[in-house]
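This report describes a protein for a reader who is new to structural analysis. Please look at the sequence and the model before reading on.

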Amino acid sequence: MKLKNLACAMLVVLGLASCTAESDAFLYEVETSVSLEKTFNATCIDYQKRGNDDLNLDQLVPVSTEEALAILQVLRDHKNLTESNSVEAIEGAPGQTFLNISAEQCVDDCHTLELQLQMITYADDNSLFYKGSKTCAKASNYHWGLTGFGLTTNGADGTYKLECTSNLYFKVVEDVVKYIQVPVKLNGIYNPADHNVKFTYSF
C-alpha cells in the first residue's frame, strides 16, 4: 500500500521471508517448564528442520532452563539500555531510493535486539512505500523472529506507529533437547522525516 501525503492504511505482514515462525519448520506445543511458562508465557515446541527453514533453531547454542530464565529477566528489566539507529540509502531507478533502516537496543552491554525496516521513497511526489521488516537477535543462544507486523498513522505529527508480534526461541538442554518459544510484543514509532525508529518490547 502506498503511503502518500502522510496518510497510511494498516499494513499487516504475516509469513515474512526471514526471522519468522511461519517457515517450513514443523512446530507444535508440548510440555514446558513451569518457571518459564508462568513467568514468560513460554511454550515448548517440537521443531523439525526442513528444507526451506529460516528459523535454524537446531543451530542455536544450547542453554539450560536457568540460563534461558536469566537471559529473559535481563531483557525484561531493560537495565543499562543503549539505543542506536542507522539508515542505508541505495539509489534505484531515477527518483527512487531504497532505505534499509536499522534500530538497535543493547541491554546490560550484552544483549542486542535489532528491528529492521525496508522502505522505498519516490522523489517526484515525495511518496513512501513499505517494503518489508524483520527482527534479529545478535546472539548465538537465542533467536528473535517476527510473526506479524503493523504500520499505522500516528496522528497529525506525521509519524507512524509500529505494532508487532514476535517470538524469542531457545534450545534448552536438560535431560533432552527442548525448543522454547516465548511471545514478545513490540511497539514503536517510525519518523519518515529523518527515518528514525524507536521501539520497545514486553513479555
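Two residues are said to be in contact when they have heavy atoms within 4.5 Å of each other. The model is predicted, so local features need pLDDT of at least 70 and side-chain atom pairs count only at pLDDT 80 or more, while totals for chains, interfaces and linings use all residues. Residues are numbered from 1 along each chain as its sequence is written, and side-chain values use heavy atoms, with hydrogens and water left out.

## Overall architecture

The secondary structure comprises two helices and twelve strands. These elements are DSSP runs numbered from the N terminus, a helix (H or I) having at least four residues and a strand (E) at least two. Along the sequence, their order is β-β-β-α-β-α-β-β-β-β-β-β-β-β.

Among the contacts in the protein with a separation of 6 or more, 56% are made by residues 24 or more positions apart. The protein has 203 residues, and 46% of them are buried. A residue is called buried under 20% relative accessible area, exposed over 50%, and partly exposed in between (1.4 Å probe, protein chains only). The exposed surface of the protein is about 10,100 Å², of which carbon and sulfur atoms supply 48%. Such areas come from the Shrake-Rupley method with a 1.4 Å probe; for residues, only the protein chains shown count as cover.

The structure holds zero disulfides, a disulfide being a pair of cysteine sulfur atoms within 2.5 Å. Cys44 is buried, because its relative accessibility is 2%. Cys164, at 3%, is likewise buried.

## Helix H2

Helix H2 covers residues 65-77, and its 13 residues should span 18 Å at 1.5 Å a residue; the end C-alpha atoms are 18 Å apart, which agrees. The expected span is 1.5 Å times one less than the number of residues.

Within H2, the residues Thr65, Ala68, Leu69, Ile71, Leu72 and Leu75 are buried. They lie on the same side of H2, because they cover an arc of only 165° around the axis. This arc is that of the directions from the helix axis to the C-beta atoms. An α-helix has 3.6 residues a turn, so residues three or four places apart point the same way.

## Positive phi in the loops

Most residues other than glycine have a negative phi. His78, which follows H2, has a positive phi near 55°. Asn80, in the loop between H2 and strand E5 (81-91), also has a positive phi, near 50°. Asn80 is exposed, because its relative accessibility is 52%. Asp109 lies in the loop between E6 and strand E7 (111-122). Although Asp109 is not a glycine, its phi is positive, about 60°; its relative accessibility of 65% makes it exposed.

## The nonpolar cores

In soluble globular proteins, nonpolar side chains tend to be buried together. A nonpolar core is a set of buried Ala, Val, Leu, Ile, Met, Phe, Trp, Tyr and Cys residues joined through side-chain atoms within 4.5 Å. The largest core here has 40 residues, among which Leu168, Phe170 and Tyr190 touch the most other members. Strand E10 (residues 160-173) gives this core its largest share, six residues. A second, separate core has seven residues, including Tyr47, Leu57, Leu60 and Tyr169.

Beyond its neighbours within four places in sequence, Tyr190 is in contact with residues including Ile101, Leu117, Met119, Leu128 and Val197.

## Three buried strand residues

The table lists three strand residues, each with a residue distant in sequence and the separation of their C-alpha atoms.

| Residue | Partner | Sequence separation | C-alpha distance |
|---|---|---|---|
| Gln96 | Asn126 | 30 residues | 10.0 Å |
| Leu128 | Thr97 | 31 residues | 9.7 Å |
| Phe199 | Lys161 | 38 residues | 9.7 Å |

Gln96 belongs to strand E6 (residues 96-107) and is buried at 13% relative accessibility. Setting aside neighbours within four places in sequence, Gln96 is in contact with Ile90, Glu91, Ile120, Thr121 and Tyr122.

Leu128 belongs to strand E8 (residues 127-137); its relative accessible area of 7% makes it buried.

Phe199 is part of strand E12 (residues 196-202) and is buried at 5% relative accessibility. Not counting residues up to four places away in sequence, Phe199 touches residues including Glu83, Ala103, Leu113, Leu115, Trp144 and Leu186.
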